[in-house]
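Colleague: Please pick one helix in this model and take me through it slowly. I'd like to know what it touches and how its ends look.

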Amino acid sequence: MLANLHNADIPQPVLDVIARLRELGHAVYLVGGCVRDMVRKVHPKDFDVATSALPEEVQRAFRKVIPTGIQHGTVTVLQGTTHVEVTTFRSEGDYLDGRRPSSVAFERDIVKDLSRRDFTINAMAYNPLDRDLVDPFGGQSDLQAHLIRCVGSAFERFSEDGLRPMRAVRFSAVLGFSLDPDTHAAIPATLGVFRKVALERVREELVKLLLSSRAEGGLLLLADTGLLDVFLPEVAGASADEARLARAAVQAAPQDIEIRMAALLADLVDRARARDIGLRLKFPNKSADLIALLVENAKLETRLWDTDPALRRLLARVSLANLPALLSLARARVQARAPDQLSALEQLCTRLEALAAAKPPLVPKELALTGGDIMATLGVGPSPIVGEATRFLMESVLDDPSLNTTEALKRQLQTWHSARSTS
């Protein structure tokens, strides 16, 4: 595994920062997730540098430095167009609120810095110039064993930061690793600390879990550890069979967060509750609305024999832009719940796609008559009857899109108005 580190493709600006700090006599390493990923032969998204140099010493060492989190020892060095985050080795005081340390102390020892980290696979440091790997807690061994294990006492790590149990489950899902028994056992025991975590942070971890290729197993682990009951009791409270089918639908769905959230909720809650859940978990309003819309219309297998007008009304409710997401959700649900209906569902999907391709009028602005045209035809000014007429015309063209011409709609409107006046 060391060979993977030695052969890793580390950006030159990062190497330049390491070389400069080393030249000035400071200890300096790559740390955390980038080391974990390089050992796994995965190219890191970010390269974080840790050093014995104090923040002011880092600032003096480079021409362009941004004090991004200087109170916590972090500055950002600008190397051309590359931003390199550099953090001074540090230890942390007690976590009094289950979220953040009460104090930070700068250290000269990399092992002290690594000892404050969450999991052994994230508690390794590597100097690419010296080819020196510091792994005091067995991160390499745990990577080989496909194991998520806390640094030191799992109970203490989870009591410090309530989000760490969620991160443990997320890493398990994303990496396909198992939880170390002590790490697993510490999660139910520290749920009180997890309850203090802001739901924005919980949502970020949930999204990463749901978008992983092993979301089904991650959701099961969330349920088994009690985490799910804290932030998604609607799912945690489902029957064992319904929960299993919901997890299977998520796994079968494309890796799109709104579709996977809808797959999780579609058979467990209604549209209103789905939207409430999205907002509670701090999804953007647009995402919460889409999740709710998909949940409401997910059960396409119940519409296999719908007429074309009925399906056009469905398109009007969903919108053409959201049709691909709805079809993906429907396929995932049926694959999980009733795979013998997949062939019939595909026929319905083909019908919906053909109806959508014909671009029928689905909203009032697509009518061949404007509001002004309606008023002129009826000889009225702005009044409630204009809205009634518009709704009538929309129903007419949803039944028969060929009516959407100026003359045809005027005839429809005059007939409707005459019948309305004599009734």
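Modeller: Here is a walk along one helix, from its start to the neighbour that follows it. Keep in mind that this is a predicted model: local features need pLDDT of at least 70, side-chain atom pairs need 80 or more, and totals for chains, interfaces and linings use all residues. Numbering starts from 1 along each chain as its sequence is written, and side-chain values use heavy atoms, with hydrogens and water left out.

Our helix is α17, residues 271-280 (helices are DSSP runs of H or I with at least four residues, strands are runs of E with at least two, both numbered from the N terminus). At the N-terminal end, Asp270 acts as a cap, with a side-chain oxygen 3.4 Å from the backbone nitrogen of Ala272.

Now look at what α17 hides. Ala274, Ile277 and Gly278 are its buried residues (buried is under 20% relative accessible area, exposed over 50%, partly exposed in between, with a 1.4 Å probe and protein chains only). They span an arc of only 100° around the axis, so they sit on the same side of α17 (the arc is taken from the directions from the axis to the C-beta atoms). Those buried residues pack against α14 (233-236), α16 (257-265) and α18 (285-297) (contact is heavy atoms within 4.5 Å).

Just past α17 comes Lys282, in the loop between α17 and α18. Lys282 isn't a glycine, yet its phi is positive, about 65°. Most residues other than glycine have a negative phi. With 42% relative accessibility, Lys282 is partly exposed.

After that loop you reach α18. The axes of α17 and α18 come within 8 Å and cross at roughly 155° (axes are fitted to C-alpha atoms over the stretch in contact, with angles from 0 to 180 degrees between N-to-C directions). That is why α17 and α18 are roughly antiparallel (over 145 degrees; under 35 is roughly parallel, 65 to 115 roughly perpendicular, the rest oblique). On the α17 side, the contact uses Arg271, Ala274, Arg275, Gly278 and Leu279. Their partners in α18 include Ala288, Ala292 and Leu293. So Ala274 and Gly278 turn up twice, as buried residues of α17 and in this contact.

One more stop in α18 is Ser287, which is buried at 11% relative accessible area. Its side chain makes a polar contact of 2.7 Å with the side chain of Glu258 (a pair of N or O atoms within 3.5 Å, one able to donate a hydrogen and the other to accept it; residues adjacent in sequence count only through side-chain atoms).
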